[in-house]
Amino acid sequence: MKVLVRKTIGIMTVLMLFILAACSGTSTETGTESESGDNTEQASGTLSAKIGVVSYLTGAGAAYGEAITQGLKLAQEEINEQGEVNIELVIEDSAGEADQALSAAQKLMNDDEILAIIGPTLSTEFLAVAPEADLNGIPIIGTSTTVDGIPEIGDYVFRNAIPESLAIPAAMEKAVERTNAKKVALIYGNDDAVTKGGFEVMERTAKEMGLEIVATETFQKGQSDYNAQLTKIKNGNPDLVLASALYNEGAVIMDQARKMGIDVPFVGGNGFNSPQAIEIAGEAANGLIVGTPWFGESDDPKVVEFNEKYEAKFGKLPDQFAAQAYDALYIYADALKRAGEADRDVFRDALAETKDLEGLLGNFSFDEIGDVVMDVTVLEIKDGKFVEFE
Amino acid sequence: MLLEQLVNGITLGSIYAIVALGFTLVFGVLGIINMAHGEIFMVGAFVGVMTTSVLGWPLWLAFIASIVVTGILGYLLERITLRPLRGKKGVSHLAPLISTIGVSILLENLSHHIFGAGNQPFRSSFAEISIEIGSITIYLVQIVIFAISILLMIGLTIWLSKTKAGKALRATAENLETASILGVDTKKIITLTVIIASAMGGIAGILVGMAFNSVSPQMGLSMGLKGLAIIILGGMGNVKGAMAGGLILGLSETFLVAFGDSGYRDAIAFIMIIFILLLRPQGIFGSKIAEGR
């Protein structure tokens, strides 16, 4: 199947080349113009680049887009201050919809000045946009896209978000080890690729570990009443609840679960890992276990500094999504420096060679297909704070 | 399990019913669907959150604040977006519907801008009070929600059928021009209706905030759609229909989750609409020419 897809993509690329060659007659003029523009900028010492951002800025999940763009803006400010490269962000809204994300991305791709793209936010959106970006030969990085098969889309597709297939099993293993859990209940959002992907990983891992699944429940984005599902879960008497939810819904689920008397620990995916979960659920958030590359309470000076700057600028603490976006722009800046020119292909090659970059989330490299190489930390909420799981 | 789910279903159903009452009142008098009702409901919930958690006001004061704010919103809605379109030549009968959609978009984005995108917690000690009966826990909030929805329904029915203002309102609903010839101040009556409907949305908002502890700028949309489904189900412009429709929808959603697949939860409202439109297009309690509203 994959071979077939690769072949089709290959053929289409060749076709595209022909079309491009046919069009080149008209586009040479503008091409040389922009090149000469680049040269003057290089002469002045700083390398300028425009980065397109597609993010979820309006709608039910706008909190993610907000965190991501804020992380990017902070990184942009710092990078531009350092003066080696000058990055301009062109931000477009995807509204959480795959078709809107695609049209926003196409708008960016059609702009020759855009060097590369960051985003879109949701895996659902990313799966629609990335193949297009790959065909157009524009590098694209997912900062919050955690489902399986993202970097496999093509050579121009990267991510720095840790996949659920790494984070969730790590968290589940530790949770089961401590609680001796035998029975688990699952609850997940069935209208989103991330929460669905997370659920698949949870179900698979639970089966591999020989756990009994007593209930599998679903919900939809923006729902506010989870009592019916939770009553069913409560009656199954699980030792652990595996909740593949984004924090906005997840926190409310935990709150309602605790009120109902479900006191067992919750294991969540990437989307559940946010200080906002504590803000929303308060005490009810205690006992949430997540696997994540981002540990906001860490005493690593880089993280502490980032927290301070972020809070001063935006009035709240950053979450994983802000941190991942922040790191992504640094990864881009680093690749741009090494590339030495704002050319999409040269930039892609430099990006693929990213290795041992020290970011907020630790030591970062891409593997041969453009996926993350990074360690997972397992965290737990205890007394209203994220602490490392023991 | 069955009892617990029954309590869940009645709570949800009562909330749906209060939202639907607001819809049905405006529809009954003006014959338009107020698409901004869900968003007014959301604003009511946010006023509750802000007054209790940020300003630390007691709950009863939060209720009053919420009713006042949503009442004012209702007045503005009528004055700015509905009245200018009424009775003018060349204005399509769909125009007020579209302008309420505009208001709903405005309100959603405004509160998104002010309060941020995520869920806001509703912290209130009142929401923590519970009674244990056997193995099931019933929260006082759940009882209050049910009681308020019943009271609102009875109050509205009495007000509509017995009081002078209620009679004037029904006359206006029957025929705007005739009512105004007979000395009913129709402008005042319509404004009053929209204000009352909006204030009921505000009450529903604050109750939802307390019961589910989640308030977000997007909550109005799904509630609005459910409210719409309910008035089609129960009969457009019918108070009893709104109440019954709300409870039916709340209970069937809950029991679908309890005994079936939770993935179909949101589908049930629309499946019901399809059947009701095929079998009894005027709704369960509706009559061909709506009366007794």
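How much of chain B is helix over residues 63-82, and how far apart are the end C-alpha atoms? In this predicted model, that stretch of chain B comes out as 100% helix and 0% strand, with 26 Å between its end C-alpha atoms. Residues 94-116 of chain B can be read off in a similar way: here the chain is 91% helix and 0% strand, and the C-alpha atoms at the ends sit 32 Å apart. Both ranges turn up in an unreviewed UniProt entry, which lists "transmembrane region" for residues 12-33, 63-82, 94-116, 136-160, 189-212 and 267-285 of chain B.

Further along chain B, helix 5 (residues 140-162) packs against helix 6 (residues 164-174) at an angle of about 80 degrees, and their axes are 5 Å apart. Angles of 65 to 115 degrees count as roughly perpendicular, so that label fits helix 5 and helix 6 of chain B. On the helix 5 side, the contact uses B:Trp159, B:Leu160, B:Ser161 and B:Lys162, while helix 6 brings in B:Gly166, B:Leu169 and B:Arg170. Sorted by class, this contact has 3 nonpolar, 2 polar and 2 charged residues.

Over in chain A, the domain assignment gives domain 1 (2-16 + 46-161 + 302-373) and domain 2 (165-292). Their C-alpha centres lie 29 Å apart. Where the two meet, 13 residues of domain 1 of chain A are in contact with 15 residues of domain 2 of chain A. Helix 4 (residues 123-136) of chain A supplies the largest share of the domain 1 side, with 3 residues. By class, that side of domain 1 of chain A has 6 nonpolar, 5 polar and 2 charged residues.

Key: Residues are numbered from 1 along each chain as its sequence is written. Chains are lettered from A and ligands numbered from 1 in the order in which they are written. This is a predicted model: local features need pLDDT of at least 70, side-chain atom pairs count only at pLDDT 80 or more; totals for chains, interfaces and linings use all residues. Domain bounds come from an automatic or database domain assignment. Two residues are in contact if their C-beta atoms, placed from the backbone, lie within 7 Å. Helices (H or I, at least four residues) and strands (E, at least two) are DSSP runs, numbered from the N terminus. Ala, Val, Leu, Ile, Met, Phe, Trp, Tyr, Cys and Pro count as nonpolar, Asp, Glu, Lys and Arg as charged, and the others, Gly among them, as polar. UniProt positions are given in the numbering used here, feature names are shortened, and annotations may be inferred rather than shown by experiment. Axes are lines fitted to C-alpha atoms, for helices over the stretch in contact, and angles run from 0 to 180 degrees between N-to-C directions. Angles under 35 degrees count as roughly parallel, over 145 as roughly antiparallel, 65 to 115 as roughly perpendicular and the rest as oblique.
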